[in-house]
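Student: I have a protein model open and would like to learn how to read its inner spaces and its sheet. Could you walk me through them?

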Amino acid sequence: MFSLTSLPVGFHEDPYPAYTALREETPVCPQPDGSVILSRYEDLDLVYRDTTRFISDKKAVFGPKFGVGSPLYEHHTNSLVFNDPPLHTRVRKVMVGAMNPRALAQMEPGLITLVDSLLDQMQAKSTVELIEDFAGAIPIEIIGNLLGIPRSERGPLRDWSLAILGALEPELTPEQEEWGNRAVSEFKAFLRHIIDDRRSNPGNPETDVLTRLIQDDSDGGLTEVELYQNCIFVLNAGHETTTNLIGNALELLDRHRDKRTELLSSPDVISTAVDEFLRLESPNQFGNRLTTEDVTFHGFTIPAGTDIHLCIGAANRDPRQFERPDDMLLDRRPNKHHAFAGGPHTCVGLTLARIEGKIAVSRFLDRFPDYQITDGAKRGGRIRFRGFARLPAQV
């Protein structure tokens, strides 16, 4: 029986054999702690769309895990992703409004300039580190711009993000928990002067997410805790997943050189290719919901109050939904993957993430069509998020 707390050998390098067995043999997989894993596409689709029987509020789960009142508990119980209406509706509306088509169009020239400058820096080297030098640097700058964080102060943002999101893993060491709590506290202290300054000197609410969050007055507006924690959420959500998207895409194209050749010869398929990278190597491998009543899947009754792990990585390779699910089809249509979740909680930044992935991968290939991943690549070693900690390459 597959267990999140006792993973098979080699899981982090290649989880997909385990996911196939999970999906085909045990589509409802009980865990030692009483939680349950769902892994079939249609089951995840149902859960995402049914917000009555499956809720996102995790106070009942995060209280025992982090300790009520801890910084990690405060963050993860107030951020958009782990909340239901009315907070979810209010904050999501603010964020969607700030990522309107006009605002995103205005971001593209700056994104291209950023990507080209990173490529210029890498061109001066023979060996590069694709996460630190490229994939991880892009979303930090983009989200930093969205929040109006001074460029000179962005140094600690990535480490804080990794620590806070790392605390969502099924098991935590005392060191990981301490690191996560410290990161939330330091991030809040860091944001204080930025928020105070923005209150005195508002930015353009059409493009400045922080200004929009501060000025929102629907249902009384956000509390101080909600404001701070959702600023942290914006950075975390936009950083980790996009870094993984870009890094995973470049590794996939190195592993499948024929597909790289195909993309180089048909660059117009980059948009569908990005979605295929997202499907094959989903940056976020697991989501969660809590049942509000007894529910039955495949003859198995899951009691009310059960924490459900939604295995996105398995669902995105479900042969019931995708033809040749383990193959990379750069022009795959349709491709209704769950890499951005689904239903009311569909990722707010999905359009921005696709734009970042498209520009980063296409311009990288234009500059370095013969790049090679070298020895020393290292996966992030996490279950919930799939990406690389290190990805050295020759360009």
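Tutor: Gladly! Keep in mind that this is a predicted model. Let us begin with the largest cavity, where helix 12 gives the most to the lining, with 9 residues.

Student: How is such empty space found, and how many cavities of 30 Å³ or more are there?

Tutor: Rolling a probe the size of a water molecule over the atoms shows where empty space is left. Here the count comes to 3 cavities of 30 Å³ or more, and the largest has a volume of about 780 Å³.

Student: Which residues should I click on to find the centre of the largest cavity?

Tutor: Try Val81, Phe233, Ala237, Thr241 and Cys347, the closest to its centre among the 44 residues of the lining. Besides helix 12 (224-255), the elements that give two or more residues to this lining are helix 4 (71-78), helix 5 (87-98), strand 5 (286-291) and helix 16 (350-367).

Student: What is the chemical make-up of that lining?

Tutor: The lining has 24 nonpolar, 15 polar and 5 charged residues.

Student: Now the sheet. In what order do its strands run?

Tutor: Strands of a sheet pair through backbone hydrogen bonds, either parallel or antiparallel. In this model, 5 strands make an open sheet with mixed pairing, in the order 1-2-8-5-3. Strand 1 (28-30) and strand 3 (54-55) are the edges, each pairing on one side only. Strand 3 is antiparallel to strand 5, with 2 bridges between them, and Phe54 stands opposite Thr291 in strand 5.

Student: Which helix packs on the sheet?

Tutor: Look at helix 2 (residues 41-49), which touches strand 2 (36-38), strand 3, strand 5 and strand 8 (307-311). The directions of helix 2 and strand 8 make an angle of about 125°.

Technical notes. Residues are numbered from 1 along each chain as its sequence is written. This is a predicted model: local features need pLDDT of at least 70, side-chain atom pairs count only at pLDDT 80 or more; totals for chains, interfaces and linings use all residues. Side-chain values use heavy atoms; hydrogens and water are left out. On a 1 Å grid over the protein atoms alone, a cavity is a set of points where a 1.4 Å probe fits but cannot get out, and a pocket is an open set with protein on both sides within 12 Å along at least five of seven lines; lining residues have an atom within 4 Å of a point. Grid points are joined across faces, edges and corners, and a volume is the space filled by probe spheres set on the points. Helices (H or I, at least four residues) and strands (E, at least two) are DSSP runs, numbered from the N terminus. Ala, Val, Leu, Ile, Met, Phe, Trp, Tyr, Cys and Pro count as nonpolar, Asp, Glu, Lys and Arg as charged, and the others, Gly among them, as polar. Two strands pair if DSSP finds at least two bridges between them. Contact means heavy atoms within 4.5 Å. Axes are lines fitted to C-alpha atoms, for helices over the stretch in contact, and angles run from 0 to 180 degrees between N-to-C directions.
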